[in-house]
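Grab a coffee and open the viewer. Here are some exercises to work through with the structure on screen.

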Amino acid sequence: EFIIMKTHVQNLKLRNGSRIAVIGAGPAGTFFSHFVSRLARRKGLNLSITLFDAKDFNRQGPHGCNLCAGVISETMVQLLNTHGLTLPEKIVQRKIEGYFLQIKAGGFLLKHPSEEKLITTVYRGNGPRFYKKTDNISFDSFLLNQVLHSDNISLITEPVNSVEFPSDLRKSVKILYGHGRKKELIFNADLVVGAFGLNTSLMKKMQILNFGYKPPHTLNAICMEIPLEEDFIFESMGNNIFICNWRSPWGLCFAGIIPKKDYITVNIIGTGGVKEKDLEKFLSIPAVKKRLPANWELPDNYCVCSPKIATTASKRPFTDRLVIIGDASCTRYYKNGIESAFKTAQLAAETAIHRGISKAAFKRGYFSQARKQIIWDNFFGKVLFGVYNFVYESSFFSEVLMRVAIKEETHGKSNQLKRVLWNMYTGNTPYSTIFIQFLNPFLQWKLIVETVKFFFIRRKLE
C-alpha cells in the first residue's frame, strides 16, 4: 500500500544532491525530466533524476505502446522542434494535409488553411503486433532516449509497488519497486512525480495516500491497427485523416481513421464509452468500407487496445513532495494529450525549481496555471462539443454545415467556419478562442441564411 502522513512542511526546496523519482517514462515523464534538468542547470543545482517504467517501448503491440492513436498536432511538432526534439524521418509515419469529415448528409475535405503539413502520425510503441519491420519507430522510445543522454537522468525498468512518506517530510520518501524476488527494492527520493497516465492502477493507489487526490473520470475507447498496402492507403485516403460520426446505443460515437505508412489506425470514442463490437459496426458502415479494399474482412488476429480517455480533470493532483502530471492530472477535452503532458510537465518543473516542492508551492505555481490553461478552457470545449453533437445527430443541420463549408472551400474568400472546424479537429488553439471564432457575427449570419435556404429547398422537395 501507499502510505502518507498528514504532517506537511511549507518550506520544502530542491537542493544540491536532491533526488527526483519520476513514475512513468512516457511523454509526461520524459518532458518533466527534460525541463527540470535544464532549469536546474541554469540555477546551478545538481539534481539526480530517475525514471521508473516497466514498459519497454521497443516492443511491438500494446506491451510496448502507451495506447494512443498517435497523432502529433502541429503546435506540438513546433514545440518539439523548439526544444531540440525534432522527430527523425523513421519515426514519422505520415504528414497530414487535411481532414475528411463524414457526416449524415455526406462528406467534405477540410484542407489545412495554409497548406502546411506539420501534423504528424506516429506509433507510440515500436509498431503494431505482427509488425515485420525491425527499425525502432517508437515515438515514446525516441523521447526517452533523448533525455537519457543527460548525465543526471537514469531509467529503472521495474514497476513501482508502493510509496511511503515519513512522518517528518524533511526525510526521504521511500519508493518500493521491482517484481519477483526483487519486489522490495527501495529508492529514496526528495520529490516524487506521478507521470503514469490513465491506463494503470497507480491512480487508485494514489488515492489511498489520503491527500485529496481523485482521478479524472474516463471513458473507454477502442484503437485498432489494420495492415494495408502503402499505395492503397494513399489512393484511398491521401494524406488525410478520415472522421466519421454515427449513433450507437451508448450515444454519439466519434471515429477517426488515421493513415500511417502501411497501416491505418482506427480510433473510436463514444459519449458513453465503446466496446470492440462497436469497432466491427463502424467498419461495416458503407462510407467506411469505401476506405478499405474490396471484399476486405476483419482478420482473425489484429492489434487492438482499449485506452481510457479523460473527460474531467483530477482533483488535488499534488501534495508536499509529490505532484501528478499528464493525463492523470488534467488534459485537454478529447484533444492533444501529448501537448497537455508537455504543458503540465513544464509547469510542474518550473514550480519545483523556482517555488519549491511543498503543497503550497504546487498549488500556487503548478495547479493554478494548469487550471487556467487547461481545466477552465475545457469548459468551452464541452460547450463546443455539445453543439458539435447536436449538429451531427441532425441530418438537417449537418447538411447546412456541409453546404456552408463547401461554399467556403469553393469560393476561398471567407473561411470563418473552416477555421472553427480545423481548430476543433486539430486542437491548434484554446477552446475559448474557438468559441469566440464560432460566435463570429459573419459566420452566424451565413449559418442562418443557409438554414433558411435549405429549409425551403427541403419543403419544395417534400
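What follows is a set of exercises with worked solutions on this predicted model.

**Exercise 1. Find the enclosed space and describe its walls.**

Start with the search of the whole structure: it turns up 1 cavity of 30 Å³ or more. Next, get its volume, which is about 160 Å³. Now look at the walls. The lining takes in 18 residues, and Cys 65, Cys 68, Pro 128, Glu 225 and Cys 303 are the ones that lie nearest the centre. Then ask which strands contribute: S14 (222-227) and S18 (303-305) each supply at least two lining residues. Finally, sort the lining by class, and you should get 12 nonpolar, 3 polar and 3 charged residues.

**Exercise 2. Work out the second largest pocket, from volume to chemistry.**

Volume comes first: about 370 Å³ of space lies in this pocket. Its lining is made of 18 residues, and those nearest the centre are Val 387, Val 391, Leu 401, Phe 438 and Leu 447. To see where the lining comes from, look for elements that give two or more residues; these are helices H10 (377-393), H11 (395-411), H12 (416-426) and H14 (441-461). Which helix gives the largest share of the lining? That's H10, with 6 residues. For the chemistry, count the classes: 16 nonpolar, 2 polar and no charged residues line the second largest pocket.

**Exercise 3. Describe how helices H1 and H8 pack.**

Begin by selecting H1 (residues 27-43) and H8 (residues 337-354). Their axes are 8 Å apart, and the helices pack at an angle of about 30°. Left-handed or right-handed: how do H1 and H8 cross? The crossing is right-handed. Now list the contacts. On the H1 side they include Phe 31, Phe 32, Phe 35 and Leu 39, while the H8 side brings in, among them, Ile 338, Phe 342, Ala 345 and Ile 353. Wrap up with the classes: the contact of H1 with H8 has 15 nonpolar, 2 polar and 2 charged residues.

**Exercise 4. Trace the strand order in two open sheets.**

Take the sheet with S9, S10 and S11. Its 3 strands come in the order S9-S10-S11, and the pairing is antiparallel. At the edges you'll find S9 (160-164) and S11 (185-189), each pairing on one side only. From one strand to the next, the twist averages 25°. Zoom in on S9 and S10 (residues 173-177): 4 bridges hold this antiparallel pair. For a landmark, check Ser 162, which stands opposite Leu 176 in S10.

Now move to the other sheet, where the order is S3-S7-S4 and the 3 strands again pair in the antiparallel sense. Why does one side of S3 (71-72) and of S4 (94-95) lack a neighbour in the sheet? Each stands at an edge with a single partner strand, so one side is left without a neighbour. S4 and S7 (residues 120-121) run antiparallel and are joined by 2 bridges. To check the register, find Lys 95, whose bridge partner in S7 is Thr 120.

**Exercise 5. Place Pro 215 and find its contacts.**

First locate the residue: Pro 215 sits in the loop between helix H4 (202-207) and strand S13 (218-220). Then gauge its separation from Leu 202: 13 residues in sequence and 10.0 Å in space, C-alpha to C-alpha. Last, leave aside neighbours within four places in sequence, and Pro 215 is in contact with Met 203, Gln 207 and Ser 314.

Notes. Residues are numbered from 1 along each chain as its sequence is written. This is a predicted model: local features need pLDDT of at least 70, side-chain atom pairs count only at pLDDT 80 or more; totals for chains, interfaces and linings use all residues. Side-chain values use heavy atoms; hydrogens and water are left out. On a 1 Å grid over the protein atoms alone, a cavity is a set of points where a 1.4 Å probe fits but cannot get out, and a pocket is an open set with protein on both sides within 12 Å along at least five of seven lines; lining residues have an atom within 4 Å of a point. Grid points are joined across faces, edges and corners, and a volume is the space filled by probe spheres set on the points. Ala, Val, Leu, Ile, Met, Phe, Trp, Tyr, Cys and Pro count as nonpolar, Asp, Glu, Lys and Arg as charged, and the others, Gly among them, as polar. Two strands pair if DSSP finds at least two bridges between them. Axes are lines fitted to C-alpha atoms, for helices over the stretch in contact, and angles run from 0 to 180 degrees between N-to-C directions. A crossing is left-handed if the near helix is turned anticlockwise from the far one by less than a right angle, and right-handed if clockwise. Contact means heavy atoms within 4.5 Å.
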